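Open the structure in your viewer and keep the selection box at hand. This tour goes stop by stop.

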Amino acid sequence: MRVGICGYPGSGKTTVFQALAPGAKISGKGVSLGSIKVPDPRIDQLVEIFSPRKTVYAEILFADVGNTAGPGAGAFPAAVLEAMRGMDVLVHVVRAFDNPMAEGDDNPKRDIALFDDELILLDMALLERRGERWRKESRKGMEVQINQRCLEHLSEGLPLRSLELDALQRSTLVGIQLFSLKPLIILYNLSEERMDDDAWAYARELRQLGPNSWSTGICAQLEAELNELEPEERMEMLADLGLAEPAAASFVRTAYSLLDLISFLTFGPDECRAWPIRRGTVARKAAGKVHSDIERGFIRAEVSGLADMLVHRSEAAMRAAGKTRLEGKEYVVQDGDLIVFRFNV
Ligand SMILES: Nc1nc2c(ncn2[C@@H]2O[C@H](COP(=O)(O)OP(=O)(O)OP(=O)(O)O)[C@@H](O)[C@H]2O)c(=O)[nH]1
Ligand SMILES: [Mg+2]
């Protein structure tokens, strides 16, 4: 999963990046990229059984997409748009603290509205260009129709993430990377004082704002500072602050469930690995995550559960004990399924 950290100048993007992706190796030109592993006790248990040569946790890639002009000061720069385009989800960091370097007082409501307006305008331009081309080619059909419906929705000032589309209709939009179609998490970046101010409770809680859009809050500066501490000191400091865990941990969990991601697991002496997929993914598609050959040559999935594996401790013993089910290509993969794919190429 790729998470784009966006927001106006001085909102705390870089600090949020440091808070959410501690120890991330920064790479990339202009855009800071860092990834973190998604902690997964199920993988730890498989590793215990198989002592694999390689262990792979699910990963979340964070990108600090860089600076826009100030709120309302015009279009986002091309480099920022380019970075945002490749993301699966956008996090809009909203300044809710005094920053003497930033222009004016913090104004979360204004920033949220202006940011969304900008995404809507960008998408209108993209879809209008596409519609224009199709008119010239006098094309008809579902693509053209969906294009039109999207434009109507946008011209009401609404983001595409709130437009109801079924899977087939949505498929007409793949490949254009529409900005307002991406799930959005509004992240209020609160000053330390506001972290326990009742008036800001709404900004701290996790709230669903609409389809594919949520808001929550952190004090990024504090979280970033926590990450500089040794693990023991960090635990103490968290306890002092009355926090159950670092924001990075809860953010990962939240993002996973918001985006309806689950993981299936593969195992063996070579590799134990978590594979993130959308809930509802069928076995054959899931196989394609591992390798496109396995999707193409899919025969069946041999599915089992971790609880049984903890008892029987090998693929052969599982089969002998009748703890492995055979599932076909339409089987809907469940969170935590252990899977061996059989395929033929
Ligand atoms: N009080 C307070 N200050 C913060 C917080 N988060 C960031 N800051 C401060 O705000 C300033 C800007 O933070 P950055 O993380 O650099 O913000 P940015 O959005 O990356 O800024 P640009 O890249 O310059 O647009 C820094 O001085 C931070 O220390 C916060 O949660 N509380
Ligand atoms: Mg920055």
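Which residue is the bridge partner of Val 303 in β13? Select Val 303 and look across to β13: the partner is Ile 339. Before you go on, remember that this is a predicted model.

**Stop 1: around Val 303**

Select strand β11, residues 298-304, together with strand β13, residues 338-343. They pair in the antiparallel sense, over six bridges. Now add strand β12, residues 325-327. It is joined to β11 by three bridges, and these two strands run antiparallel. Return to Val 303. Opposite it in β12 stands Arg 325.

**Stop 2: the domains**

Colour residues 2-258 as domain 1 and residues 280-343 as domain 2, following the domain assignment of the chain. How far apart do the C-alpha centres of domain 1 and domain 2 lie? The distance is 33 Å.

**Stop 3: the seven-stranded sheet**

Next, show the open sheet of seven strands. Trace its order: β2-β4-β1-β5-β6-β8-β7. The pairing is mixed. Which strands sit at the edges? They are β2, at 32-37, and β7, at 207-210. Each of these pairs on one side only. Follow the sheet across and watch it twist: the average is 25° from one strand to the next.

Zoom in on strand β5, residues 89-96, and strand β6, residues 184-190. They run parallel, and seven bridges join them. Pick Ala 96. Its bridge partner in β6 is Leu 190.

**Stop 4: helices across the sheet**

Select helix α1, residues 13-20. It lies across β1, β2, β4, β5, β6 and β8. Its direction is at about 160° to β4. Then select helix α4, residues 108-136. This helix lies across β5 and β6 and runs at about 150° to β5.

**Stop 5: a helix pair**

Keep α4 on screen and add helix α5, residues 142-155. The two axes come within 10 Å. They cross at roughly 150°. An angle over 145 degrees counts as roughly antiparallel, so that is how α4 and α5 run relative to each other. Is their crossing left-handed or right-handed? The crossing of α4 and α5 is left-handed.

Now show the side chains where the helices meet. From α4, the contact residues include Ile 120, Met 124, Leu 127 and Trp 134. From α5, they include Val 144, Cys 150, Leu 151 and Leu 154. How many residues of each class make up the contact of α4 with α5? Eight are nonpolar, four are polar and three are charged.

**Stop 6: β3, β9 and β10**

Select strand β3, residues 54-56, and strand β10, residues 271-278. They pair in the parallel sense over three bridges. Find Thr 55, whose bridge partner in β10 is Cys 272.

Add strand β9, residues 261-266. It pairs with β10 in the antiparallel sense over six bridges. Look for Leu 265, which stands opposite Ala 274 in β10.

Last, select the hairpin of β9 and β10, which has four residues between the strands. Which residue there takes a positive phi? It is Gly 268, with a value near 150°.

Notes:
Residues are numbered from 1 along each chain as its sequence is written. Chains are lettered from A and ligands numbered from 1 in the order in which they are written. This is a predicted model: local features need pLDDT of at least 70, side-chain atom pairs count only at pLDDT 80 or more; totals for chains, interfaces and linings use all residues. Two strands pair if DSSP finds at least two bridges between them. Axes are lines fitted to C-alpha atoms, for helices over the stretch in contact, and angles run from 0 to 180 degrees between N-to-C directions. Two residues are in contact if their C-beta atoms, placed from the backbone, lie within 7 Å. Angles under 35 degrees count as roughly parallel, over 145 as roughly antiparallel, 65 to 115 as roughly perpendicular and the rest as oblique. A crossing is left-handed if the near helix is turned anticlockwise from the far one by less than a right angle, and right-handed if clockwise. Ala, Val, Leu, Ile, Met, Phe, Trp, Tyr, Cys and Pro count as nonpolar, Asp, Glu, Lys and Arg as charged, and the others, Gly among them, as polar. Domain bounds come from an automatic or database domain assignment.
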